[in-house]
Amino acid sequence: MKKKIIAYNRVEKPVLDELKEKYDVRFFNSPEPINDPAFLEQLKEAEGIIGLELPVNKELLDHAPNLKIVSNVSVGYNNLDLDELKKRNIMATNTPDVLNDTVADTVFGILLAGARRITELDRFVKNGKWQQEAVDPEYFGVDVHHKKIGIIGLGSIGWAIANRAHFGFHMDVLYHTRSRKIAAEETFAATYCALPKLLEESDFVCMMTPLTKETEGMIGLEEFKRMKDTAIFINASRGKTVVEKELIQALQKGEIAGAALDVFENEPIETDSPLLQMENVVTTPHIGSSTHETELKMSKLAAANLEAGLNGKKPQNLIWE
Ligand code: GLV
């Protein structure tokens, strides 16, 4: 009999098709699968889960007595209750590294859009304003090259951002992490900073920390007040690393000049969020790693991790040893 696995939310089709040849795969994508009796029924027999952002907590695990491995199709794993998984000896894996350059490209995409007001100018052209009025200097943006970028969280994605900033845009790189990264200082002439100094000096503040108990709500009004009033804040980590209502206040009060956001406290963001009414805020729907090529690489890596775990081998990307 084929082993049962659950695929959730996002696994690229060619990978899903391959898995289906070997396993009894059941696909779900309801926003709250824990309230779906069909999902709970399948969970009883499932030996593996592969997917994106399924909240794997005590309640779910209580319905999954045969589970051996949860394979995330993401580098982030804040959806997993690691203590509960460890307690039950269930493996957990993620998909690091294959997405570094793609997320760094996204960060520069939204950073440039914010600095050069590209999304506003796109609306200006498409709404027929160009024919009616000269481009007001109000629409002129600010330079990115030779400015100062502060990266909070210099993991491997932060590294790819620093690489672009230093070699591509000749920017000064400041960074803040738990431990100093001498290699980044040697490679990018990066400067290690305490958080307040990074916030005070950067023209672009880029949030790249994983979401953990320590980083939840790390950036709030006090931090925004420290930033330059010309600063642009970029978040491509997780929405909950920032106190979103305080980001809104900071933007309303002009504590910072703008924001470029790929992630939000709640996703999808509420349609009545003031952020969606602000011209100086660039928004994308959590697509940092979502190019066709990289999604496929992530799905393939997640499937390899899943299969290793199901077959009693050590997966390449075990989250803990
Ligand atoms: C995307 O947000 C990821 O964690 O891979």
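**Close-up 1. Gly 153 in its loop.** In this predicted model, Gly 153 sits in the loop that runs between strand E6 and helix H7 (156-168). Is Gly 153 buried or exposed? Gly 153 counts as buried, because its relative accessibility is 11%, under the 20% cut-off. If you would like a distance to check in your viewer, try the C-alpha atoms of Gly 153 and Asn 280: they are separated by 24 Å, and the two residues are 127 residues apart along the chain.

**Close-up 2. The ligand and its shell.** Seven names are worth labelling here: the ligand is surrounded by Ser 74, Val 75, Gly 76, Leu 99, Arg 238, His 286 and Met 298. Sorted by class, this shell holds three nonpolar, three polar and one charged residues. Which residues place an N or O atom 2.8 Å from an oxygen atom of the ligand? Val 75 does so with a backbone N or O atom, at 2.8 Å. Arg 238 does so with an N or O atom of its side chain, also at 2.8 Å. His 286 contributes a polar side-chain atom, which lies 2.7 Å from an oxygen atom of the ligand. How much of the ligand does the protein bury? The ligand taken alone exposes 200 Å², and the protein buries 88% of that.

**Close-up 3. Val 11 and Met 298.** Met 298, one of the residues around the ligand, returns in this view with a partner from another part of the chain. Val 11 lies in the loop between strand E1 (4-8) and helix H1 (13-22). Although their positions lie 287 residues apart along the chain, the C-alpha atoms of Val 11 and Met 298 are separated by 8.6 Å. Val 11 is classed as buried because its relative accessible area is 9%, under the 20% limit.

**Close-up 4. Lys 4 and its two side-chain partners.** Moving to strand E1 itself, we find Lys 4. Despite its charged class, Lys 4 counts as buried, at 9% relative accessibility. Which side chains does Lys 4 contact? One polar contact, of 2.5 Å, joins the side chain of Lys 4 to that of Gln 42. Another, of 3.2 Å, links the side chains of Lys 4 and Glu 45.

**Close-up 5. The second largest pocket.** About 310 Å³ of space lies in this pocket. Its lining is made by 21 residues, and those nearest the pocket centre are Gly 114, Ala 115, Val 142, Ile 232 and Ala 257. Which elements supply at least two residues each to the lining? They are helix H5 (100-115), helix H6 (118-126), strand E11 (258-261) and strand E12 (281-283). H5 gives the largest share, three residues. By class, the lining is made up of 10 nonpolar, six polar and five charged residues.

**Close-up 6. The largest cavity.** How many cavities of 30 Å³ or more does a search of the whole structure find? The search finds one, and about 50 Å³ of space lies in it. Its lining consists of Phe 233, Asn 235, Gly 239, Val 242, Glu 244, Leu 247, Leu 261, Val 263, Phe 264 and Glu 265. Strand E10 (232-235) and helix H11 (244-253) are the elements that give two or more residues to this lining. Six of the lining residues are nonpolar, two are polar and two are charged.

**Close-up 7. Backbone geometry to look at twice.** Most residues other than glycine have a negative phi, and most peptide bonds are trans. Here are some exceptions. His 146, which is not a glycine, has a positive phi of about 65°. The loop between H6 and strand E6 (148-152) holds His 146, and this residue is exposed, with a relative accessible area of 55%. Ala 189 also has a positive phi, near 50°. Ala 189 is placed in the loop between helix H8 (182-188) and strand E8 (191-192), where its relative accessible area of 53% makes it exposed. For the peptide bond, look at Glu 267 and Pro 268: a cis bond joins them, with omega about -5°. Pro 268 belongs to the loop between E11 and E12.

Technical notes:
Residues numbered from 1 in each chain as written. Predicted model: local features only at pLDDT ≥ 70, side-chain atom pairs only at ≥ 80, totals over all residues. Heavy atoms only, no water. 1 Å grid on protein atoms, 1.4 Å probe; cavity = no way out; pocket = protein on both sides within 12 Å on 5 of 7 lines; lining within 4 Å. Points joined across faces, edges and corners; volume = space filled by probe spheres on them. Helix = DSSP H or I, 4+ residues; strand = E, 2+ residues; numbered from the N terminus. Near = heavy atom within 4 Å. Polar contact = N/O pair within 3.5 Å; in protein donor to acceptor, adjacent residues only side chain to side chain. Areas by Shrake-Rupley, 256 points an atom, 1.4 Å probe, with all protein chains shown as cover. Buried < 20%, exposed > 50% of the residue type's maximum accessible area, 1.4 Å probe, protein only.
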